[in-house]
Amino acid sequence: MKRIFSGIKPTGHLTLGNYLGAVRRWAEVDQHQADALFSVVDLHALTVEHDPGRVRRLSRQAATLLLASGIDPGLATVFVQSHVDEHARLSYLLECVATDGEMRRMIQYKEKSARERSRGGSVRLSLLTYPVLMAADILAYGADEVPVGDDQTQHVELTRDLAVRFNQRYGQTFVVPRATPPEVAARVMDLQDPASKMGKSHEAGAGIVYLLDEPDVVRKKILRAVTDSGTEVAYDRESKPGVTNLLEILAACEGGNPEALSGVYESYGALKKDTAEAVVELLRPVQERHKELVADPAYVEEVLRQGAERAREMSRPTVDRAYRAIGLLPPV
Ligand code: ATP
Ligand code: MG
């Protein structure tokens, strides 16, 4: 059976982008087709300025939302990254095969380091090495596939490069994984700024739909989405980024094709109205289940405890093998 790994950072409240690009597929498809692991990758949240209490709260919330989205701990392993030491252990070894030039070429590093500087902060070394820890997350489990949004494909490419390099130099150790972005809504854009990705760590604004937004808030955000000049509803990322984003979101909700959908609408208003209702309906069951799970924190905790135990067992043999392969003396 193939193995799948993916994760979500507790850097903010989960967004519609996280859901359509990643989490929904984990629940609807991946966990049924594979031996799947889904992690709240909290170590990654420490790479930028953060409040410790908020990271803890967001970690718990992210785990709860994964379960609310339909991820079934009977099918998939759900755990918190920092509960499994193997991630950090393997990350160090991979730092010894990665180069600083590779790290500096990462688009997200360029974007996020610029954002930290513009907020008056300094850039943490871990922000630079973050893709190596992500590679460790994936390689420790021998994952074949990594279901992520479009923005993470460069990091998965780096993971492949590191796996191949390690295997060539030190002997066959790692499975070389591949990214599997969704066909539709692989990059949901900010509703107020369709040139940039909707991101949970961005300043909270009218352009971001959160999974836990009330229906009326969702409606307001989508009805006020920035659309493009002209009046024609057309699917074209270059000239109609705002409209194209709404078509992608609506198609992802309805399971249709965004380009075909463009022919159905004669006005921006009608497209916005239908998109708003589709998103409200999409989120309704997740929000209901979330409410139930919040009332039962002991259940969520137990899922995470068992998940971490399983994840440790699954990752330790591979990480131990890598320690031996690279030249470290086995402990006596
Ligand atoms: P941050 O701003 O902290 O990077 P994020 O919203 O990008 O937060 P991540 O935790 O980095 O979220 O990513 C979790 C998953 O969600 C990844 O698979 C990522 O590719 C996917 N994802 C994130 N944003 C979007 C988006 N706008 N559209 C589609 N997929 C997305
Ligand atoms: Mg991100």
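Ser6 sits in strand β1, and it's a handy place to start reading this predicted model. Is Ser6 buried or exposed? With 25 other C-beta atoms within 10 Å, Ser6 counts as buried, because the cut-off for that label is 20 or more. Setting aside residues within four places in sequence, Ser6 is in contact with Ala22, Trp26, Phe38, Val146, Pro147 and Val148. Ser6 also brings in a far-off part of the sequence: Ala143 is 137 residues away along the chain, yet the two C-alpha atoms are separated by 9.1 Å.

**The strands around Ser6**

The strand that holds Ser6 is well covered too. In β1, 5 of the 6 residues are buried, so the strand is largely enclosed by the rest of the structure. Next comes β2 (residues 35-40), which is mostly covered as well, with 5 of its 6 residues buried.

How many bridges join β1 (residues 3-8) to β2? There are 6, and the two strands run parallel. On its other pairing, β2 is joined to β3 (residues 77-80) by 4 bridges, again in parallel. Phe38 turns up in both pairings: it is the β2 partner of Ser6, and its own partner in β3 is Val78. If you want to trace the ladder residue by residue, here are some of the pairs:

| Residue | Bridge partner | Strand of the partner |
|---|---|---|
| Ile4 | Ala36 | β2 |
| Ser6 | Phe38 | β2 |
| Phe38 | Val78 | β3 |

Helices link these strands. β1, helix α1 (residues 16-33) and β2 form a right-handed β-α-β unit. The pattern comes round again with β2, helix α2 (residues 52-68) and β3, which make a right-handed β-α-β unit of their own.

**The nonpolar core**

Now for the inside. In soluble globular proteins, nonpolar side chains tend to be buried together. Here the largest nonpolar core has 93 residues, and the ones with the most contacts inside it are Ala63, Leu66, Val78, Ala135, Ile249 and Val279. Val78 is the β3 residue that bridges to Phe38. Which helix gives the most to this core? That's α6 (residues 125-139), with 9 residues. Why does the core lie between domain 1 and domain 2? Both domain 1 (3-181 + 297-325) and domain 2 (215-292) give residues to the core, so it lies between them.

Ile249 is worth a click in the viewer. Leaving out residues up to four places away in sequence, Ile249 touches Leu20, Ala185, Val188, Thr275 and Val279.

Ala185, one of those partners, is a bit of an oddity. Most residues other than glycine have a negative phi, and most peptide bonds are trans. Ala185 has a positive phi of about 60 degrees although it is not a glycine. You'll find Ala185 in the loop between β5 (178-179) and α8 (215-223). That loop residue is buried all the same, with 26 other C-beta atoms within 10 Å.

Over in helix α6, have a look at Val132. What is Val132 in contact with, once neighbours within four places in sequence are left aside? Its contacts are Ser91, Leu94, Glu95 and Ala98. Val132 is buried, with 25 other C-beta atoms within 10 Å. As for Arg117, it is 15 residues from Val132 in sequence and 22 Å away in space, C-alpha to C-alpha.

**Where the two domains meet**

The domain assignment splits the protein chain into domain 1 (3-181 + 297-325) and domain 2 (215-292). Taken over C-alpha atoms, the domain centres are 29 Å apart. Contact between them involves 6 residues of domain 1 and 6 residues of domain 2. On the domain 1 side, α1 and α2 each supply at least two of the touching residues. Of the elements there, α2 gives the most, with 3 residues. What does that side look like by class? It has 4 nonpolar, 2 polar and no charged residues. Both of those helices are also part of the β-α-β units described above, α1 between β1 and β2 and α2 between β2 and β3.

Conventions: Residues are numbered from 1 along each chain as its sequence is written. Chains are lettered from A and ligands numbered from 1 in the order in which they are written. This is a predicted model: local features need pLDDT of at least 70, side-chain atom pairs count only at pLDDT 80 or more; totals for chains, interfaces and linings use all residues. A nonpolar core is a set of buried Ala, Val, Leu, Ile, Met, Phe, Trp, Tyr and Cys residues joined through C-beta atoms within 7 Å. A residue is buried if 20 or more other C-beta atoms lie within 10 Å of its own, exposed if 12 or fewer, and partly exposed in between; C-beta atoms are placed from the backbone. Domain bounds come from an automatic or database domain assignment. Two residues are in contact if their C-beta atoms, placed from the backbone, lie within 7 Å. Two strands pair if DSSP finds at least two bridges between them. A crossover is right-handed if, with the strands pointing away from the viewer, the path from the first strand over the helix to the second runs clockwise. Ala, Val, Leu, Ile, Met, Phe, Trp, Tyr, Cys and Pro count as nonpolar, Asp, Glu, Lys and Arg as charged, and the others, Gly among them, as polar.
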